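Trainee: I am new to this structure and would like to go through it step by step. Please show it to me before we start.

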Amino acid sequence: MNTTGQILLHRKIIEWEWYGDINTCRLFIHMLLIANWKEGHFRGTTVPRGSFVSSLDKLSEETRLTKREIRTAISHLKTTGEVTVKTTNKFSVFTIKNYALYQSFDMHSDTQETKKRHYNDSLTTLIDISNKGNKVIKDNNICPESENSAPNPSGILLPLNDKSFYDVPQDKITLWRETYPAVDIEQELRRMIAWLDSNPTKRKTRRGIERFVNNWLARTQDSGGSKGRKEGKSEVYAKKEDNRSFSL
């Protein structure tokens, strides 16, 4: 089992319906820890990002839960749409739905541990998994701020075409809230992360990313806001932007 790197664990997990169920919560966090951060292969089967190969026996051994407790926890997670399971006669592939939203920054190689990044502690608690053991870092200054980091960073990271990230400045979020009052800015930024994660060839440059964001938010505003638009519109907006030579 790979025990290097880190995951993001949002504090809103305490509002999750299974947070009070210790077995279900424990299993889900364990799944986040062991899921593939990039696509892999196992015995001729493609195991995508956010998925992993395992079995009831192995999960029971790793979590110290009984097989019955594992079955019940998996049933809970499947019922509420957190996890899907594809079973063969030899093994099972577990997939965490919305993994890209939970782990938007986790697209680095194993060198990510050595890279300096600043995360807003008000948004996330970073669980650092190292060879020295597990620890929860709660210090506001989790790591030094790099020279090129954005002023007043929000910790919301949009992936760019050079495999770096644009840390959305907090003052930009404030400006966009005033400019697009019908739009849930943070929700739309999360949708952008998911779309960019799924379409790596259409990611923007650092110079063009703010234009991408503004076009996305403007179209959402014009369509009635975050609550008024139909699901699936994100892809439509992004395609229109690409057709207008917007991939700067």
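Mentor: One term is needed at the outset: a residue is called buried when its relative accessible area is under 20%, and exposed when that area is over 50%. Keep in mind that this is a predicted model.

Trainee: Which residues of strand 10 are buried on one side, and which on the other?
Mentor: Strand 10 covers residues 165-169, and five of its five residues are buried, so the strand is largely enclosed by the rest of the structure. Both of its faces are covered. The buried residues are Phe165, Asp167 and Pro169 on one side, and Tyr166 and Val168 on the other.

Trainee: Which residue stands opposite Pro169 of strand 10?
Mentor: Strand 10 pairs with strand 9 (residues 153-159) over four bridges, in the antiparallel sense. The two strands form a hairpin with five residues between them, and there Lys163 has a positive phi near 70°. The residue opposite Pro169 is Pro153.

Trainee: How many helices and strands are there in the protein, and what share of its residues is buried?
Mentor: The protein has eight helices and ten strands. Among contacts with a separation of 6 or more, 60% are between residues 24 or more positions apart. Of the 248 residues, the share that counts as buried is 43%.

Trainee: Is Ile7 buried or exposed?
Mentor: Ile7 belongs to strand 1, residues 6-10. Its C-alpha atom is separated by 7.4 Å from that of Leu32, a residue 25 positions away along the chain. The relative accessibility of Ile7 is 5%, and because the cut-off is under 20%, Ile7 counts as buried.

Trainee: What is the order of the strands in the open sheet of three strands?
Mentor: Strand 4 and strand 6 run antiparallel and are joined by four bridges. Strand 5 and strand 6 also run antiparallel, with five bridges. The order is therefore 4-6-5.

Trainee: Which strands stand at the edges of that sheet, and how far are neighbouring strands turned against each other?
Mentor: Strand 4 (51-54) and strand 5 each have a single partner strand, so one side of each is left without a neighbour in the sheet. These two strands are the ones at the edges. With direction ignored, neighbouring strands are turned against each other by an average of 25°.

Trainee: Which residues of strand 4 and strand 5 face Val93 of strand 6?
Mentor: Strand 5 and strand 6 form a hairpin, with four residues between them. From this hairpin, Lys86 stands opposite Val93. On the strand 4 side, the bridge partner of Val93 is Val53.

Trainee: Why do the buried residues of helix 3 line one face?
Mentor: The buried residues of helix 3 are Ile70, Ala73, Ile74, His76 and Leu77. An α-helix has 3.6 residues a turn, so residues three or four places apart point the same way. Seen down the axis of helix 3, the buried residues fall within an arc of 155°.

Trainee: Which residues are exposed on the other side of helix 3?
Mentor: The buried residues of helix 3 are covered by elements that include helix 1 (22-34), helix 2 (56-63), strand 5 (83-87) and strand 6 (92-96). After the helix comes Gly81, with a positive phi near 80°. On the other side of helix 3, the exposed residues are Arg68 and Thr79.

Trainee: What span should helix 3 have at 1.5 Å a residue?
Mentor: Helix 3 has 13 residues, 67-79. Its end C-alpha atoms are 18 Å apart, which agrees with the expected span of 18 Å.

Trainee: Which residues form a cluster through ring pairs?
Mentor: Trp195 is one of the buried residues of helix 6. Phe212 and Trp216 are among the buried residues of helix 7. Ring pairs link these into a cluster of Trp195, Phe212 and Trp216.

Trainee: How far does helix 7 reach from its first C-alpha to its last?
Mentor: Helix 7 has 14 residues, 209-222, and its reach is close to the 20 Å expected at 1.5 Å a residue. Just after this helix, Gly224 takes a positive phi of about 110°. From first C-alpha to last, helix 7 reaches 20 Å.

Conventions: Residues numbered from 1 in each chain as written. Predicted model: local features only at pLDDT ≥ 70, side-chain atom pairs only at ≥ 80, totals over all residues. Heavy atoms only, no water. Buried < 20%, exposed > 50% of the residue type's maximum accessible area, 1.4 Å probe, protein only. Expected span 1.5 Å × (residues − 1). Arc of directions from axis to C-beta. Contact = heavy atoms within 4.5 Å. Phe/Tyr/Trp six-rings, centres within 6.5 Å; stacked < 30°, edge-to-face > 60°. Pairing = 2+ DSSP bridges. Axes fitted to C-alpha atoms, helices over the stretch in contact; angles between N-to-C directions.
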